[in-house]
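Grab a pencil and work through these exercises with the viewer open. Try each task yourself before you read its solution.

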There are 2 protein chains.
Amino acid sequence: MVSHAAPSENDELVSFARELAYAARRQTLAPIARDYRIEDKGQGGQYDPVTEVDRTAEQAMRALISTRFPDHEIRGEEFPEKPGTGGYTWSLDPIDGTRSFICGLPTWTTLIALLKDDDPVLGVIDAPRLDETYIGAAGQATIIRGGEASPIRTSSCTRVSEARFSTTDPFLWGPPAASLERILNIVRVTRYGHDGYAYARLAGGTIDLVVESGLKPHDYNALIPVIRAAGGHIGDWRGGTNFSAGQIVAAATPELYHSAICLLADA
Amino acid sequence: MVSHAAPSENDELVSFARELAYAARRQTLAPIARDYRIEDKGQGGQYDPVTEVDRTAEQAMRALISTRFPDHEIRGEEFPEKPGTGGYTWSLDPIDGTRSFICGLPTWTTLIALLKDDDPVLGVIDAPRLDETYIGAAGQATIIRGGEASPIRTSSCTRVSEARFSTTDPFLWGPPAASLERILNIVRVTRYGHDGYAYARLAGGTIDLVVESGLKPHDYNALIPVIRAAGGHIGDWRGGTNFSAGQIVAAATPELYHSAICLLADA
């Protein structure tokens, strides 16, 4: 996973990350997940739904990590940080795409990342309703579907005008809406509202470009190793890798990434 | 299916409509569907993709209908109308949501309707990637998932402010964009880009309101019997059932429908 890691350590961590995803699935696909409580975290502002399923799924993953790797730090969306030692941190988003989840739409995912000294080195995007698990680590990107693993690779698209483009909510872009309009007017096809699953399909070669703003670390940590291992380019809106501003561009090729950020820079 | 039809005739037609859906699935899920040609029907205007899979899937359904019911009329998206006698017409959309299909996203559907004297009396919304078939006929709405049939019903939502809302493309609304903005500002959650599948989930009770414009008969014919049989209300933007203008509102309850068209009428 990290360049100097023994293959066996990498395999062990990848296999453990899959275990985490399947532990979360047992909660998110459980019968109770059809009749769950929804709360609004938005506190009078924008509606920000969270379900009891988010919490039970994150707890299931936290319990496994604490048992297996008690010294690893854990940062999840729904609970306070659990401190650790030794430089390894798990980043967890039990349900990315809660809006899709509560609308009975299938492209919500569970996002799991392992960071070494704050650098995401292993990522899992799991889509339980679709029985698809996307894994990126040690330069290898894989999809597991129906129990079978296959390598995946981004498309060879280099031009914005030929890109299949996705973004979660066109009305969440706020002030830089002009740059969104510029992209929408050029790309070949646009799809909205798929959250982390859009990046999974970018790694799988059927979406070419994703541009978003307002992402939090638990939203983007897992995406980075998957996109990179599949041959894509992921960075911020200015050509760097300052992800903490939450403005992300993921592209099938470096050329496409750079064309896209030129359009954003003009805004 | 029609009120005076013998149950056996209705059952036979429902069962045949499922056969059509599964014949289409054999094309849309076939290995060739992973490496298909895409053409642009847009003729220099807006990009309007069609794939060879659309054509082979429609042909498969047409062949079954012509053999079993040679006197039935057939209207499909991709081929010229086949005239018939006796008042029965099949309306076919082999892939509703071609944009999602070509982006490797799972919520595209096959839409099948049977019309009696131009009135849609049987509707099927089939989601092959999700193994879900939604059927509405003779006042009964059913989902078949993993081979098991269950009755479905719309939610009891009556207020726009509590609605889970869906529309395919916010930028396709054109001039009445002000009315879209009014709805977006009020509803609880918005999801874009699910085409016919949004109506399926409305029938299944997890989406409450869908508002769209620019729909063609092969887009809306199949939705009408499914929504009605599930207890929902589907009509045009003015409170009537003049669907041919392509402006559709589907709602979980009549009260929600009427609240939504008040917002549209103000535009």
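**Exercise 1.** Does Phe69(A) count as buried or exposed, and at what relative accessibility?

Solution. Keep in mind that this is a predicted model.
- Step 1: look up the value for Phe69(A), which is 13% relative accessibility.
- Step 2: compare it with the cut-off, since buried means under 20%. Phe69(A) therefore counts as buried.

**Exercise 2.** Find the ring that pairs with Phe69(A), and describe the pair.

Solution.
- Step 1: start from the total, which comes to 11 aromatic pairs over all chains.
- Step 2: pick out the pair of Phe16(A) and Phe69(A), with 5.1 Å from centre to centre and 85° between the planes. Planes over 60 degrees apart count as edge-to-face, and that is the label for this pair.
- Step 3: place the partners in the chain. Phe16(A) belongs to helix α1 (residues 7-28), while Phe69(A) sits in the loop between α2 (52-68) and β3 (73-76). They are 53 residues apart, so the pair links distant parts of the chain.
- Step 4: check the cover on the partner. Phe16(A) has a relative accessible area of 1% and is buried.
- Step 5: compare another pair, Phe101(A) and Trp108(A). Their ring centres are 4.9 Å apart and their planes are at 85°, so this pair is edge-to-face. Phe101(A) is buried at 8%, and Trp108(A) is buried at 3%.
- Step 6: look for a bigger grouping. Ring pairs join Phe16(A), Phe69(A) and Trp90(A) into a cluster.

**Exercise 3.** Find the charged end that sits over the ring of Tyr88(A), then look at Tyr88(B) too.

Solution.
- Step 1: in chain A, go to Tyr88(A). The charged end of Lys116(A) sits over its ring, 4.7 Å from the centre.
- Step 2: now go to chain B. Over the face of Tyr88(B) lies Lys116(B), at 4.7 Å from the ring centre.

**Exercise 4.** Work out whether chain A is as compact as a globular protein of its length.

Solution.
- Step 1: list the elements of chain A: 8 helices and 14 strands.
- Step 2: compare the radius of gyration with the globule rule. Chain A has 18 Å, and the rule gives 18 Å for 267 residues, so chain A is as compact as a globular protein of that length.
- Step 3: picture the box. Along the principal axes, the C-alpha atoms of chain A fill roughly 50 × 50 × 35 Å.
- Step 4: ask about cover. Of the 267 residues in chain A, 58% count as buried.
- Step 5: see how the chain meets itself. Among contacts in chain A with a separation of 6 or more, 58% involve residues 24 or more positions apart.
- Step 6: turn to the outside. Chain A exposes about 10700 Å², with carbon and sulfur atoms supplying 48% of that.

**Exercise 5.** Describe the surroundings of Asp54(B) and Thr56(B) in helix α2 of chain B.

Solution.
- Step 1: locate Asp54(B) in helix α2 (residues 52-68). Its relative accessibility is 0%, so Asp54(B) counts as buried.
- Step 2: find its partners. The side chains of Asp54(B) and Thr51(B) share a polar contact of 2.7 Å. Leaving out residues up to four places away, Asp54(B) touches Glu78(B), Pro94(B), Ile95(B) and Thr98(B).
- Step 3: move along to Thr56(B), also placed in helix α2 of chain B. At 31% relative accessibility, Thr56(B) counts as partly exposed.
- Step 4: list the polar contacts of Thr56(B). Its side chain meets the side chain of Gln27(B) at 3.4 Å. A polar atom of the Thr56(B) side chain also lies 3.2 Å from the backbone oxygen of Val53(B).

**Exercise 6.** Trace the contacts of Arg75(B).

Solution.
- Step 1: find Arg75(B) in strand β3 (residues 73-76) of chain B. It is partly exposed, with a relative accessible area of 29%.
- Step 2: skip the neighbours within four places in sequence. The residues in contact with Arg75(B) then include Arg62(B), Glu81(B), Trp90(B) and Asp118(B).
- Step 3: zoom in on one of these. The side chains of Arg75(B) and Asp118(B) are joined by a polar contact of 3.2 Å.

Note on methods
Residues are numbered from 1 along each chain as its sequence is written. Chains are lettered from A and ligands numbered from 1 in the order in which they are written. This is a predicted model: local features need pLDDT of at least 70, side-chain atom pairs count only at pLDDT 80 or more; totals for chains, interfaces and linings use all residues. Side-chain values use heavy atoms; hydrogens and water are left out. Rings of Phe, Tyr and Trp (its six-membered ring) pair if their centres lie within 6.5 Å; planes under 30 degrees apart count as stacked, over 60 as edge-to-face and the rest as tilted. Helices (H or I, at least four residues) and strands (E, at least two) are DSSP runs, numbered from the N terminus. Buried means under 20% relative accessible area, exposed over 50%, partly exposed in between (1.4 Å probe, protein chains only). A charge sits over a ring if NZ of Lys or CZ of Arg is within 6 Å of the ring centre and within 35 degrees of the ring normal. A polar contact is a pair of N or O atoms within 3.5 Å; within protein, one must be able to donate a hydrogen and the other to accept it, and residues adjacent in sequence count only if both atoms are side-chain atoms. Contact means heavy atoms within 4.5 Å. The radius of gyration is taken over C-alpha atoms; the globule rule is 2.2 Å times the number of residues to the power 0.38. Accessible areas come from the Shrake-Rupley method with a 1.4 Å probe; for residues, only the protein chains shown count as cover.
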